[in-house]
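Reader: I've got a protein model open and I'm not sure how to read it. Can we go through it together?

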Amino acid sequence: MSDTPAGGGAGSRRRGRPPRTESADTRDRILVAAREEFSEHGYEKTSVRGIAKAAGVDSALVHHYFGTKEQIFEAAIAVAFAPTLNAPAAIADGPLDGVGERLTRFIFGIWENPTTRKPLLAIVRSAVNNETAAAVFRRLVAAQLLRRLAEQLGHADGELRAELAAAQLVGCAMLRYVIKLEPLASADLEQIVARIAPVVQGHLTGP
């Protein structure tokens, strides 16, 4: 008879909390799966069960790390949206009369990159079709991006200016990358920047 205590073999399941590295890997895997699911199906058609299946974990583990579907969506957005939050630096890095072009190039640079484009598509598609997702998107964008942009403009109506500039850029991105309206979808990026940047500049610093 073996001297190994019951349940104490090398292949037995460990009890208690998983190691920190294992927890971090699981959490990251769930986030990646969530972004894929939201990108593929949008907010309404994505389920916690579907995210769990894609991540290879139990649904209870998804709830354990993130809570509700809304909270999972917000966590996935926060990670995916992180590069865009550097946009205010595009304003500070150079003279104010060139901010429109710098910001336009920065935003379209994110959309042109396939790595950052996919999670952005998930965000936009979900926010357009679902009010809960839209509320999460507004909360994140308003608090972390537009207000920071507005603060650097130095205008009393800075928030409105930042929102109008964002509307110009997001609208153009929607037509080019989501709806894929031609000839905009296949137009040369430099041509787009040349036409959009002055409009963005006007919103940000015009009279």
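Below, we take the model from its overall fold down to single charged pairs.

Reader: What kind of model is this, and how many helices and strands does the protein have?

Author: Keep in mind that this is a predicted model. Walk along the sequence and you get the pattern α-α-α-α-α-α-α-α-α-α. The secondary structure comes to ten helices and zero strands.

Reader: Of the contacts with a separation of 6 or more, what percentage comes from residues 24 or more positions apart?

Author: Here we look at contacts in the protein between residues with a separation of 6 or more. Residues 24 or more positions apart account for a share of 66%.

Reader: How are helix 6 and helix 7 oriented to each other?

Author: Two packed helices are described by the angle and the distance between their axes. For helix 6 (residues 99-112) and helix 7 (residues 114-129), the axes come within 6 Å and cross at roughly 95°. Angles from 65 to 115 degrees count as roughly perpendicular. So helix 6 is, relative to helix 7, roughly perpendicular.

Reader: Which residues make that contact, and how many of them are nonpolar?

Author: Helix 6 brings Ile110, Trp111 and Glu112, while helix 7 brings Pro114, Thr116, Arg117, Leu120, Leu121 and Val124. Sort them by class and you find one polar and two charged residues, and the nonpolar ones number six.

Reader: Which helix gives the largest share of the largest nonpolar core?

Author: In soluble globular proteins, nonpolar side chains tend to be buried together. Here the largest nonpolar core has 54 residues, and Phe38, Ile72, Phe81, Trp111 and Leu145 touch the most other members. The largest share, eight residues, comes from helix 8 (residues 131-153).

Reader: What does Phe81 touch, leaving aside its neighbours within four places in sequence?

Author: Phe81 is one of the core residues that touch the most other members. Once the sequence neighbours within four places are left aside, its contacts are Leu120, Ile123, Phe137, Leu140, Val141 and Leu145.

Reader: What percentage of the protein's residues count as buried?

Author: A residue is buried when its relative accessible area is under 20%. Across the 207 residues of the protein, the buried part is 39%.

Reader: Why are Glu101 and Arg105 about one helical turn apart?

Author: Their side chains meet in a salt bridge, at 3.0 Å from N to O. Both are partly exposed: Glu101 has a relative accessible area of 39%, and Arg105 has 35%. The two sit four residues apart in helix 6, so their separation is about one helical turn.

Reader: How far apart in sequence are Arg105 and Glu190?

Author: Arg105 also meets Glu190 in a salt bridge (2.8 Å, N to O). Arg105 lies in helix 6 and Glu190 in helix 10 (residues 189-205), so the pair ties together parts whose distance in sequence is 85 residues.

Reader: Is Glu131, the partner of Arg138, buried or exposed?

Author: The side chains of Arg138 and Glu131 form a salt bridge of 2.7 Å, N to O. Arg138, at 45% relative accessibility, counts as partly exposed. Glu131 reaches 52%, so it counts as exposed.

Reader: Which residues do shared salt-bridge partners join into one network?

Author: Five salt bridges are counted in the model. Through shared partners, one network joins Glu101, Arg105 and Glu190.

How values were computed
Residues numbered from 1 in each chain as written. Predicted model: local features only at pLDDT ≥ 70, side-chain atom pairs only at ≥ 80, totals over all residues. Heavy atoms only, no water. Axes fitted to C-alpha atoms, helices over the stretch in contact; angles between N-to-C directions. Parallel < 35°, antiparallel > 145°, perpendicular 65-115°, else oblique. Contact = heavy atoms within 4.5 Å. Nonpolar A, V, L, I, M, F, W, Y, C, P; charged D, E, K, R; others polar. Core = buried A, V, L, I, M, F, W, Y, C linked by side-chain atoms within 4.5 Å. Buried < 20%, exposed > 50% of the residue type's maximum accessible area, 1.4 Å probe, protein only. Salt bridge = Lys/Arg side-chain N within 4 Å of Asp/Glu carboxyl O.
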